[in-house]
Amino acid sequence: MSTLPVIYGYARVSKADDDSKNLDTQLRILAENGIRDHLVFTDVASGRSLQRPGWQALMAVVQPGDTVVVAFLDRFSRNFQEGVRIQADLTRQDIGIVAIRENIDTREGSAAAKFFRRSMLAQGAYQVDSASERIKLGLERARAEGKRVGRPPALGGEKLEQCRRMAEDGAGLRQIARVLGCSPATAKKALASSAVSPGGLV
């Protein structure tokens, strides 16, 4: 037997004393629009991360066909790109979105709602493609400028021996890396494989 769709509410403030869109105001707006208290999830957390207890709890229970209602659209995230990604992800899962202040309701059968849903799906795909393209262009630019890209090579042979000698003489990781032209992490890894620590033998 299929379950009936559930309408959840979500409210968030960045900190406890945030007055711009305080939690009480959001909860009142949600209640005025028929969202039951026990179906409202809240967070006092930055919108920069999705690792928010209330959001994670909501995502654990929401199902395709359900709806997530917010008083203000930016309660999903203060970052525009992240907000678009969240909305596209919910839309892809057939989870409705309602933003009361902005008068957005993706559940409606109207042309506007259909356009919003298509836009969210397209934006989500665009964000993935755009990020991949930026990474690819960045690597190509670095190669064209003669910069080394990718994982740094491990130290071996003469450089490894020089790395060991410097460490035994008391040199620190930064100094070793600067002399050998590698990263401190690469120098540290080389020393670990040789049972030598910066500043002497282990």
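This is a short tour of a predicted model, with a selection to make at each stop.

**Stop 1: colour by confidence**

Start with the whole protein coloured by pLDDT. The mean is 78, and 73% of the residues reach 70 or more. Now pick out the two extremes among the elements: strand E1, residues 7-13, has the highest confidence at 95, while strand E7, residues 200-201, has the lowest, with a mean of 46. Next, select residues 125-130, where the pLDDT is below 50. Setting near neighbours in sequence aside, this stretch has two contacts in the model.

**Stop 2: Gly54 in helix H2**

Select helix H2, residues 53-61, and find Gly54 within it. Is Gly54 buried or exposed? With a relative accessible area of 8%, Gly54 is buried, because the cut-off for that class is under 20%. Show what surrounds it: beyond the neighbours within four places in sequence, Gly54 is in contact with Tyr10, Phe41, Thr42 and Asp43. Try a distance label from Gly54 to Asp43: their C-alpha atoms are 5.2 Å apart, although the two residues are 11 apart in sequence.

**Stop 3: two loop residues with positive phi**

Here the backbone deserves a look. Most residues other than glycine have a negative phi. Select Asp94, in the loop between helix H3 (80-92) and strand E4 (96-99). Its phi is positive, near 60 degrees, and Asp94 is not a glycine. At 42% relative accessibility, Asp94 is partly exposed.

Then move along to Asn103, in the loop between E4 and strand E5 (104-105). Asn103 is another non-glycine residue with a positive phi, about 60 degrees. How accessible is Asn103? Its relative accessibility is 70%, so Asn103 counts as exposed.

**Stop 4: helices H5 and H6**

For the last stop, show helix H5 (residues 157-168) together with helix H6 (residues 173-180). Two packed helices are described by the angle between their axes and the distance between the axes. For this pair the angle is about 150 degrees and the axes are 10 Å apart. That makes H5 roughly antiparallel to H6, because angles over 145 degrees fall in that class. The crossing of H5 past H6 is right-handed.

Now show the side chains where the helices meet. From H5, select Lys159, Gln162, Cys163, Met166 and Ala167. From H6, add Gln175, Ile176, Val179 and Leu180. What kinds of residue make up the contact of H5 with H6? Six are nonpolar, two are polar and one is charged.

Terms used:
Residues are numbered from 1 along each chain as its sequence is written. This is a predicted model: local features need pLDDT of at least 70, side-chain atom pairs count only at pLDDT 80 or more; totals for chains, interfaces and linings use all residues. Side-chain values use heavy atoms; hydrogens and water are left out. Axes are lines fitted to C-alpha atoms, for helices over the stretch in contact, and angles run from 0 to 180 degrees between N-to-C directions. Helices (H or I, at least four residues) and strands (E, at least two) are DSSP runs, numbered from the N terminus. Angles under 35 degrees count as roughly parallel, over 145 as roughly antiparallel, 65 to 115 as roughly perpendicular and the rest as oblique. A crossing is left-handed if the near helix is turned anticlockwise from the far one by less than a right angle, and right-handed if clockwise. Contact means heavy atoms within 4.5 Å. Ala, Val, Leu, Ile, Met, Phe, Trp, Tyr, Cys and Pro count as nonpolar, Asp, Glu, Lys and Arg as charged, and the others, Gly among them, as polar. Buried means under 20% relative accessible area, exposed over 50%, partly exposed in between (1.4 Å probe, protein chains only). pLDDT is the predictor's confidence in each residue, from 0 to 100.
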